[in-house]
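Dear colleague,

I am passing on the structure we spoke about, and below it you will find my notes on a few side chains and the pairs they form. Please read them with the structure open beside you.

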Amino acid sequence: MRTLQKDQEETLVFLGKVGLGISKEHLEADAYQVYDTVFLLLEPEDRYQGITEELPGQTCVSIRFCGSHNEAPAYYQKLLTYIREHRLKIDGFSREVTMIDYVLANDPKQFVTEIQIPVCEG
């Protein structure tokens, strides 16, 4: 995250904008404890100095849960079970964003995290 914030005029690394991702290959191997990427969700008005990539719109399976990254593996397993049961194919890296954390709530039970996994017809 320090690398993402380096050389920036504005603070962009904060709640709801920082996400973690797991590669398609790791998801398919049920290795959802290994994060492959860290990313920022940028709004049109954000001024980020560095390389950016605009991701295309994709169909995703998603889940929101009370908890943070520590609880995420159980929810990855639920999503992957759903994907397999519905004969879908993983179509990219996951997007995991904690929307409520210590910045807004003192109690970890009140944290909210969302996971999205892009899919396509299998």
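**Arginines, salt bridges and a ring pair**

Arg84 is found in helix α3, which covers residues 72-85. Please keep in mind throughout that this is a predicted model, so that every value below is computed from it. With a relative accessible area of 44%, Arg84 is partly exposed, and, leaving aside its neighbours within four places in sequence, Arg84 is in contact with Leu27, Glu28 and Asp30. The C-alpha atoms of Arg84 and Gly122 are separated by 9.3 Å, although these two residues stand 38 residues apart along the chain.

How many salt bridges does a search of the whole structure find? The search finds two. One of them joins the side chains of Arg84 and Asp30, with 2.9 Å from N to O. Because Arg84 lies in helix α3 and Asp30 in the loop between α2 (24-28) and β2 (37-40), this pair ties together parts that are 54 residues apart in sequence. Asp30, at 34% relative accessibility, counts as partly exposed.

In the other salt bridge, the side chains of Arg64 and Glu114 meet at 3.1 Å, again given from N to O. This pair links distant parts of the chain, since Arg64 belongs to strand β3 and Glu114 to strand β6 (residues 112-121), 50 residues apart. At 53% relative accessibility Arg64 counts as exposed, whereas Glu114, at 17%, counts as buried.

Arg95 calls for a separate paragraph. Its place is in strand β5, residues 95-100, and Arg95 is buried yet has no salt bridge. Which side chain of opposite charge is nearest to Arg95? That side chain is Glu53, and it is 7.7 Å away, while a salt bridge requires a side-chain nitrogen of Lys or Arg within 4 Å of a carboxyl oxygen of Asp or Glu, so the distance to Glu53 does not meet the cut-off. What Arg95 does have is a polar contact of 3.2 Å between its side chain and that of Gln58. In addition, a polar atom of the Arg95 side chain lies 2.5 Å from the backbone oxygen of Phe93, and the charged end of Arg95 sits over the ring of Phe93, 4.2 Å from the centre of that ring. Leaving aside neighbours within four places in sequence, the residues in contact with Arg95 are Leu20, Phe39, Leu55, Gln58, Glu114, Ile115, Gln116 and Pro118. Glu114 is thus listed among the contacts of Arg95, and its side chain also meets that of Arg64 in a salt bridge.

Finally, the aromatic rings. The count of aromatic pairs comes to three. One of these is formed by Phe65 and Tyr75, whose rings have their centres 4.1 Å apart and their planes at 5°, so the pair is stacked. Because Phe65 lies in strand β3 (residues 60-66) and Tyr75 in helix α3, the pair ties together parts that are 10 residues apart in sequence. Is each of these two residues buried or partly exposed? Phe65 counts as buried at 4% relative accessibility, whereas Tyr75 is partly exposed, with a relative accessible area of 21%.

With best regards

Definitions and conventions. Residues are numbered from 1 along each chain as its sequence is written. This is a predicted model: local features need pLDDT of at least 70, side-chain atom pairs count only at pLDDT 80 or more; totals for chains, interfaces and linings use all residues. Side-chain values use heavy atoms; hydrogens and water are left out. Helices (H or I, at least four residues) and strands (E, at least two) are DSSP runs, numbered from the N terminus. Buried means under 20% relative accessible area, exposed over 50%, partly exposed in between (1.4 Å probe, protein chains only). Lys and Arg count as positive and Asp and Glu as negative; His and the chain ends are not counted. A polar contact is a pair of N or O atoms within 3.5 Å; within protein, one must be able to donate a hydrogen and the other to accept it, and residues adjacent in sequence count only if both atoms are side-chain atoms. Contact means heavy atoms within 4.5 Å. Rings of Phe, Tyr and Trp (its six-membered ring) pair if their centres lie within 6.5 Å; planes under 30 degrees apart count as stacked, over 60 as edge-to-face and the rest as tilted. A charge sits over a ring if NZ of Lys or CZ of Arg is within 6 Å of the ring centre and within 35 degrees of the ring normal.
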